[in-house]
Each structure stands twice: as C-alpha cells, then as structure tokens.
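Biologist: I am new to this structure. Could you walk me through it, one feature at a time?

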Amino acid sequence: MSIKNPKILVIDDDLSVLSAFQIYFQDQPIELVLRSSADIAVDEFRIAPQGYACAFVDYQLVNEFGEQEAIGHEIVKELKSISPSLYVVMMSGDDSKEALN
C-alpha cells in the first residue's frame, strides 16, 4: 500500500542532523517531521500515527535530565508499539562498541 505524500519522522537532538534531513528532502513530495525532543515526538506520534512511512531515530538522545543517554532503542520500541508496521532506521554518530551492538 502506498501512502500519498507520506510523512517521515526524524528524531535527533543534533540540530545539524535535522537540518541535513531538511535540505536532503526539501524537493521531495513528503512531509518531513523533525523533532529534537524524543518525548514530544513520541507524544505527537501517539496522537496521530497515520501516514508515516518511516522514522529515523538517533541512538543517543538527551534524556529528561539533559544528559546524553543511549535511549534510541527505547524510543524505537515505543514507536513500534504504537504502529507495528512502521519502518524505523536507527542512526548514530557514535562508533563505540556499545552503540554498534
């Protein structure tokens, strides 16, 4: 099933990454939803998950205490619990062994 003007969700606390997605997809017939807060992104997705083709989620995000934490996998689980058919790409600039596992 194809989605007309699909939405792509991007969750990353690095504004330069969000900007890169915006530049790359600017001429595409999609709705790009860029969020630097995982909590806000998940809350919005929970309210209206329809129309999303996929999500890109950063592996390391800022937690509620303002600290970098490897919580991207938890965000993916939440998104998939809301919409099991959602395609998700986990991304990271972290090349540590923990991130690669």
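Modeller: Let us start with one residue. At 33% relative accessibility, Glu44 is partly exposed, because that class lies between under 20% for buried and over 50% for exposed. Keep in mind that this is a predicted model.

Biologist: Which side chain does Glu44 meet in a salt bridge?

Modeller: Arg35 is the partner, with N and O 2.6 Å apart. A salt bridge here needs a side-chain nitrogen of Lys or Arg within 4 Å of a carboxyl oxygen of Asp or Glu. Arg35 has 26% relative accessibility, so it counts as partly exposed.

Biologist: How many salt bridges are there by this rule?

Modeller: The count is three. Asp43 and Arg46 form one of them, their closest N and O atoms 3.4 Å apart. Both residues sit in helix α2, which covers residues 38-47. They are three residues apart, about one turn of the helix.

Biologist: Are Asp43 and Arg46 buried, partly exposed or exposed?

Modeller: Asp43 is partly exposed, at 43% relative accessibility. Arg46 is partly exposed too, with a value of 43%.

Biologist: Which other side chain meets Arg46 in a salt bridge?

Modeller: Glu78 does, at 3.4 Å from N to O. This pair links distant parts of the chain. Arg46 belongs to helix α2, while Glu78 belongs to helix α3 (residues 72-82). The two are 32 residues apart. Glu78 is partly exposed, with 31% relative accessibility. Put the pieces together, and Asp43, Arg46 and Glu78 are linked in a network of salt bridges.

Biologist: Let us step back to the whole chain. What does its secondary structure come to?

Modeller: Four helices and six strands. Follow the sequence and you read β-α-β-α-β-β-β-α-β-α.

Biologist: How much of the chain is buried?

Modeller: Of the 101 residues, 34% are buried. The accessible surface comes to about 6,600 Å². Carbon and sulfur atoms hold 52% of that surface.

Biologist: What share of the contacts joins residues 24 or more positions apart?

Modeller: The share is 63%, taken over contacts with a separation of 6 or more.

Biologist: Now the strands. Why is strand β1 called largely enclosed?

Modeller: Count its buried residues. Strand β1 covers residues 7-11, and five of the five are buried, so the rest of the structure largely encloses it. Next, check which way the side chains point. Lys7, Leu9 and Ile11 point one way, Ile8 and Val10 the other, and all are buried.

Biologist: In which sense do β1 and β2 pair?

Modeller: The sense is parallel, over five bridges, with β2 at residues 31-35. Look at Val10 for an example: its bridge partner in β2 is Leu34. Helix α1 (residues 15-25) joins the picture as well. With β1 and β2, helix α1 makes a right-handed β-α-β unit.

Biologist: How many bridges join β1 to β3?

Modeller: Five, and these strands also run parallel. Here Ile8 of β1 is your marker: Cys54 in β3 stands opposite Ile8.

Biologist: Where is Asp12?

Modeller: Asp12 is in the loop between β1 and α1. It is buried, because its relative accessibility of 4% is under 20%. Sequence distance and spatial distance can be read side by side here. Asp12 and Phe56 are 44 residues apart in sequence, yet their C-alpha atoms are 8.3 Å apart.

Biologist: Which residues does Asp12 touch?

Modeller: Leave out residues up to four places away in sequence. Then Asp12 touches Val17, Leu18, Arg35, Ser36, Asp58, Leu61 and Met91. Arg35 is the residue that meets Glu44 in a salt bridge.

Biologist: Asp58 is on that list. Where is Asp58 found?

Modeller: Asp58 is in strand β3, which covers residues 52-58. Asp58 is buried yet has no salt bridge. The nearest side chain of opposite charge is Arg35, 15 Å away.

Biologist: What does Asp58 touch, then?

Modeller: Among its contacts are Ile11, Asp12 and Asp13. Gly72, Met90, Met91 and Ser92 are touched as well. Again, residues up to four places away in sequence are not counted.

Conventions:
Residues are numbered from 1 along each chain as its sequence is written. This is a predicted model: local features need pLDDT of at least 70, side-chain atom pairs count only at pLDDT 80 or more; totals for chains, interfaces and linings use all residues. Side-chain values use heavy atoms; hydrogens and water are left out. Buried means under 20% relative accessible area, exposed over 50%, partly exposed in between (1.4 Å probe, protein chains only). Contact means heavy atoms within 4.5 Å. Accessible areas come from the Shrake-Rupley method with a 1.4 Å probe; for residues, only the protein chains shown count as cover. Lys and Arg count as positive and Asp and Glu as negative; His and the chain ends are not counted. Two strands pair if DSSP finds at least two bridges between them. A crossover is right-handed if, with the strands pointing away from the viewer, the path from the first strand over the helix to the second runs clockwise.
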